[in-house]
Amino acid sequence: MRFTRMAAIAGAFALALSAAACGGDGDDSGSGSAQGIVGKASSDKKLVFGVKNDQPGLGLQTGTAYTGFDIEIAKIIAKGLGVPESGIEYKTTVSANREPFIQQGQVDVVVATYTINDERKKVVNFGGPYYIAGQDLLVPTASTITGPETLAGKKVCSVTGSTPAKRIQTDYKDAKLQQFDSYSKCVQALADGTVDAVTTDDIILAGYAAQDQYAGKFKVVGKKFSDEPYGIGVKKDDTEGCNKINEILKTAATDGSYKAAWDATLGKSGTAAPELDVTKLTNCS
Amino acid sequence: MSTTDSVLYDHPGPRAKARNAVLTVVFGIGLVLLLWWIYRQFDENGIWDGPLWEPFTESETWTAYVLPGLWSTVKAAAVAMVLSLVFGVVFAVGRLSDHRWLSIPSGIVVEFFRAVPLLLMIFFIFFGIPFLTEQPMPPFWAVVIGLTLYNGSVLAEAFRAGIKAVPRGQSEAAYAIGMRKNQVMREILVPQAARAMLPVIVSQLVVLVKDTALGYIIGYTELIQNGVNTLGANFGNVVPAAIVAAIIYIVLNASLTFFAGFLERRTRRTGRAPRIKASPGTPVPAGAGAVVEPQG
Amino acid sequence: MDVFTDPDNIETYTTGFLWILKLTVAAAIGSGVLGVLLAGMRVSPVPVLRAFGTGWVNVFRNTPLTLIIFFCYFGLYSALGLELADDIDLNNFWLGVVGLSVYTAAFVCEAIRSGINTVPVGQAEAARAIGMSFLQTLRLIVLPQAGRAVIAPLGSILIALCKNSTIVGTIGLMESSTAMKDLINANGDAVIPIFLVFAGTFAVVLIPTGYFFGWLSNRLAVKR
């Protein structure tokens, strides 16, 4: 017990530090008679979704509304659980507080560029993955950078202490790493020409590339050099909810709603919708 | 302008006037040219581009990003202000106590929190304290507690210096009429010290307001997080957004500073506050306003 | 915990504090010079200089340092094209020094100005009576006396400057706060020892520094 708690805290740090990728959690609470999301959805017709608010194309707070691929996925889940769109409440989460939010019940479901990994699985139950992201590079349209191997001597920007930044430091030592506390600053620096590339999960980069004010200026290199399966987090003991989410995703893969979600958000940059591989869905244990 | 300022030079005669005029023109032109150059460079980099500033003409930008951020900033600052004043008084009195078991630990606490960068403190409170208490720590409280420990410690030193500077006759008179030690402290010394140190206190509170910005390290959604990062993610205008945030801070803090100056003038005029002389060795210098520590 | 037996971690730690040391020293010099100049401007006979000094103090003292450092990168470097070094870390370092200096100079200026106010009016009057100009009065009579009165506040400002250099981490310099986050990130089970070592280093250096300045100002105080 003591060990898991430590590991969990370790994870919480990892999280906090990396705005993009992230980590683990607080502690193994969440038992008791917690009502699963399926029960809550059918009795209250309401659900609270934890989402990002600063990642264009994925989860972005625009005015008081939220937009993006994660938001569309959240809507699909809500619909599948019988919750009307008016019953959805979005709550901003940052990488650092996703696990505590789920455990304390401040949110019911987290759809927030949430990579599934073993550390987090100890404290959160994951449905999905609904998308397999991977670390990639965002460069100006005319750039000669074609992948991480061509970064030698180039300035690469990422978020301070994040997993992508670490990977550059350890695997691509010839690149010069510039770190900021948010991706919007990195993208600004890329627009100003003070850095040569921005690196993080491809899907996040695609979101920036698709923004109106950057239209035509940037491109995503398209050479993933890691795998980040995005999952949908629910309480650790809510196996029923997790299974239901996977069922909903299976339906969404075939009835076109997954593709529609993509086309309405990230697909705007011209990228065709990916295939939702239902064989890879978690077993919710 | 204080009295000494104008005493440093003679009333300008014709030659001095001419020289001043030349200096004014030369410096003025230089300054204008510099500002113009900066403006041009910013222009070339598209910082003044309409689309980047357009969001600020829409009310939604303010109601959805800037004002909620400002509210978080003000809320954290207000709570931390109250708590750090309490902390300051308690530890100042503690450090002045005759009991060693009280004064030594108080001294250690105050010295420690004054020496540790607030950035490290807030980070540790958010991630380290839950490890000890096994309770989650909301970002809001992590920021407030961090601000309280640091600014409270600085205020404790200010109060201590203030209490020490209250003329001895005051406490002697109080003892003479039979007041107890803690009565003297509570009813005689602390009120006078607080009034004398008012400008210092308010200046430190300005520092506190700015320090809320350090909440970014744990994702507290204050003015910069909300009004620069989130807003910037929407419109790709982090630089204009940062300019707006800076202006808000400057207006907010300048009015607080102005208020501090007003209080200083008022207390000086009515003469109710004890005169605190800069006795060497106390951490409070003559120009009390300068004692604040300019933490970020 | 064996966090601090791993040579890599020791290196992270020393690199972090070396940056802090360099930032503090460079910015102390920068802000000292700038602060004296500004204070001179604020008490000078030329209105435009006074206005400039006042404006400087009001703008920089009231803006969070995080924003000032941000503008150093995105304003000075990105927009104005001021590249201070080829190396990415050195460039960020110098940008950080500029930011810390302009910010701290506002506080130095105010400390010196209030120091000037502690010099009895008679001193300046006597200097003028023997025909000294403004600059002579300031340089030979007022500042040397004011200097002693401002040692204690300048000490506090120096200490604050040292702590503030952690904020340069926001533009990517691996200073001690970033180093601490990094170590904690990698050693989640040793949060408390890591924090204590980093906070302790600051405390061990800065608390005696504070006492030193107190002692110095006592020694040099002008007895009146």
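An angle between helix axes counts as roughly parallel under 35 degrees, as roughly antiparallel over 145, as roughly perpendicular from 65 to 115, and as oblique otherwise. I begin with that convention, colleagues, as the first part of this presentation rests on it. Please bear in mind throughout that the model before you is predicted.

Let us turn to chain C. Helices H3(C) and H4(C) pack with their axes 9 Å apart, at an angle of about 130 degrees. The two helices are therefore oblique to each other, and their crossing is right-handed. Which residues make this contact? H3(C) contributes Leu65(C), Ile68(C), Ile69(C), Cys72(C), Tyr73(C), Leu76(C) and Tyr77(C). From H4(C) come Leu95(C), Gly96(C), Val98(C), Gly99(C), Val102(C) and Tyr103(C). Sorted by class, the contact of H3(C) with H4(C) comprises eleven nonpolar residues, two polar residues and no charged ones.

I now move to the contact between chain C and chain B. Chain C provides 67 residues, and chain B provides 61. On the chain C side, the elements that give two or more residues are helices H2 (47-61), H3 (65-79), H4 (88-118), H5 (121-129), H6 (134-149), H7 (151-164), H8 (176-186) and H9 (191-220). Both helices of the oblique pair, H3(C) and H4(C), thus appear in this list. Which helix supplies the largest share of that side? H9(C) does, with twelve residues. As for composition, the side of chain C that touches chain B has 44 nonpolar, 18 polar and five charged residues.

Chain A is my final subject. Its domain 1 covers 2-133 + 228-280, and its domain 2 covers 137-220. The two domains of chain A meet through 18 residues of domain 1 and 18 residues of domain 2. On the domain 1 side, strand S2 (54-55) and strand S7 (124-133) of chain A each supply at least two residues. That side of domain 1 of chain A consists of nine nonpolar, six polar and three charged residues.

Strand S2(A) also belongs to an open sheet of three strands, in the order S2-S3-S4, with antiparallel pairing. In general, strands of a sheet pair through backbone hydrogen bonds. Here S2(A) pairs with strand S3 (residues 59-62) of chain A over two bridges, and Gln55(A) stands opposite Gly59(A) in S3(A). Why is one side of S2(A) left without a neighbour in the sheet? S2(A) and strand S4 (65-67) of chain A stand at the edges with a single partner strand each, so each has one side without a neighbour in the sheet.

Conventions:
Residues numbered from 1 in each chain as written. Chains lettered and ligands numbered in written order. Predicted model: local features only at pLDDT ≥ 70, side-chain atom pairs only at ≥ 80, totals over all residues. Domains from an automatic or database assignment. Contact = placed C-beta atoms within 7 Å. Helix = DSSP H or I, 4+ residues; strand = E, 2+ residues; numbered from the N terminus. Nonpolar A, V, L, I, M, F, W, Y, C, P; charged D, E, K, R; others polar. Axes fitted to C-alpha atoms, helices over the stretch in contact; angles between N-to-C directions. Left-handed = near helix turned anticlockwise from the far one by under 90°. Pairing = 2+ DSSP bridges.
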